[in-house]
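Please read this note alongside the sequence and the coordinates, since each point is meant to be checked against them by eye.

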Amino acid sequence: MSVETFTDDLSDRPGLTLGFIGCGTIASAIVTGFLTQNEIPISAVYVSRRSQSKSSALAQKYGDRIIICDDNQKIVDSCGTLFVCVLPEKEEEIISGLTIGNDKTLISLVSTSKVKDLIDRSGLPVEQVYKMICLPAVAKLEGTPLLVPPNTSDLHRLISTLGGGTCINCKDESIMEAMMVTTCMMGPIYGLMKRNRDYLVGQGVPAGDASFVVGRQYYGMVKDALTDCENPDRFDNLVEEQTPGGLNEQTLRNLDGEGFLDTYEKAMGAVLSRIQGKTDGSIPTQND
């Protein structure tokens with residue numbers, strides 16, 4: 001599917017035209033979310049061909065609402081709102097190589113982006129440059145996007161559709177960076193679930209049953225935690241609800257006694273230092 005295939009057919013179509021420079025997992029999830037929600041009309045989404053498997057899958061699913069481009073400048077020229085979803089090491093080169101008009105809005109999904117650098121590289125006014133962070137769950141409108149600097153206009157409304165009406169405005173980059181630590185716990189959670197599944201299989205549970213029960217049980221736990229989660233005492237209360245001397249209370253105590261929670265906190269500190277550009281994200285050793 002080429003750029004030229006549908007360009008002439010879009011002029012009279014109502015709705016926003018969005019552009020995605022880079023089309024990996026997060027870009028694909030955001031596009032899917034935008035084209036799933038029904039609150040704000042989206043006429044077309046221009047996406048980079050790379051990665052081809054992702055862009056082709058979007059085109060197959062959404063037809064002529066997806067325009068695949070080999071030239072990022074074509075995306076810039078065709079869209080008013082631009083999402084940058086490239087690898088951190090490629091961001092400077094890609095943005096600096098584009099000619100971006102002052103009528104555009106730029107949102108970077110690059111984890112290490114700094115708003116000031118984005119402004120300098122794009123040449124855009126400060127009020128038209130943002131950084132956004134989200135997880136792939138936005139494809140199902142179940143994520144919680146983070147946005148900096150704060151925005152209360154149409155951009156916030158647009159991004160909120162990805163979170164089922166929720167988008168957290170971060171007052172500054174330091175707050176966003178701290179909140180980003182939670183998004184970095186996705187991998188560890190999946191790692192724990194995998195280890196839980198493998199343990200059950202080792203105990204003779206069929207692999208399919210083990211995977212099913214782990215997924216369903218963890219889902220139930222998280223769903224319970226979601227209730228009243230705006231209450232700052234919610235998680236303390238859930239811990240306190242564990243029956244004294246019971247299996248859950250003992251398991252938590254065992255893990256804490258082995259240093260599991262302290263290591264978890266060290267991992268959070270390490271990833272925050274990487275987000276802030278201070279270290280490579282490794283946990284310091286005693287010799288460091």
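The points below take up one residue and then several charged pairs.

1. A word of caution comes before the details: the model is predicted, and the points that follow should be read with that in mind.

2. Thr32 is a convenient place to begin, and the residue is found in helix α2, which covers residues 25-36. Its relative accessibility is 11%, below the 20% under which a residue is called buried, and therefore Thr32 counts as buried. A polar atom of the Thr32 side chain lies 2.8 Å from the backbone oxygen of Ser28. When residues up to four places away in sequence are left aside, Thr32 touches Leu58, Lys61, Tyr62 and Ala139.

3. How many salt bridges does the model contain? The count comes to nine, and three of these pairs are considered in the points that follow.

4. One of the salt bridges joins the side chains of Arg49 and Asp70, with an N to O distance of 2.5 Å. Arg49 lies in the loop between β2 (42-48) and α3 (52-62), while Asp70 lies in the loop between β3 (66-69) and α4 (72-78), so the pair ties together parts that are 21 residues apart in sequence. Asp70 counts as exposed, because its relative accessibility of 63% is over 50%.

5. A further salt bridge is formed by the side chains of Glu91 and Arg121, at 3.3 Å from N to O. This pair links distant parts of the chain, with Glu91 in helix α5 (residues 88-96) and Arg121 in helix α6 (residues 115-122), 30 residues apart. Glu91 has a relative accessibility of 4% and counts as buried, whereas Arg121, with a relative accessible area of 24%, is partly exposed.

6. The side chains of Glu177 and Lys114 also meet in a salt bridge, for which the N to O distance is 2.5 Å. Glu177 belongs to helix α8 (residues 173-183) and Lys114 to the loop between β5 (105-108) and α6, so that parts 63 residues apart in sequence are tied together by the pair. Is Glu177 buried or exposed? Glu177 is buried, its relative accessible area being 7%, while Lys114 counts as partly exposed at 25% relative accessibility.

7. Beyond the individual pairs, salt bridges that share partners join Glu91, Glu92 and Arg121 into one network.

Technical notes:
Residues are numbered from 1 along each chain as its sequence is written. This is a predicted model: local features need pLDDT of at least 70, side-chain atom pairs count only at pLDDT 80 or more; totals for chains, interfaces and linings use all residues. Side-chain values use heavy atoms; hydrogens and water are left out. Helices (H or I, at least four residues) and strands (E, at least two) are DSSP runs, numbered from the N terminus. Buried means under 20% relative accessible area, exposed over 50%, partly exposed in between (1.4 Å probe, protein chains only). A polar contact is a pair of N or O atoms within 3.5 Å; within protein, one must be able to donate a hydrogen and the other to accept it, and residues adjacent in sequence count only if both atoms are side-chain atoms. Contact means heavy atoms within 4.5 Å. A salt bridge is a side-chain nitrogen of Lys or Arg within 4 Å of a carboxyl oxygen of Asp or Glu.
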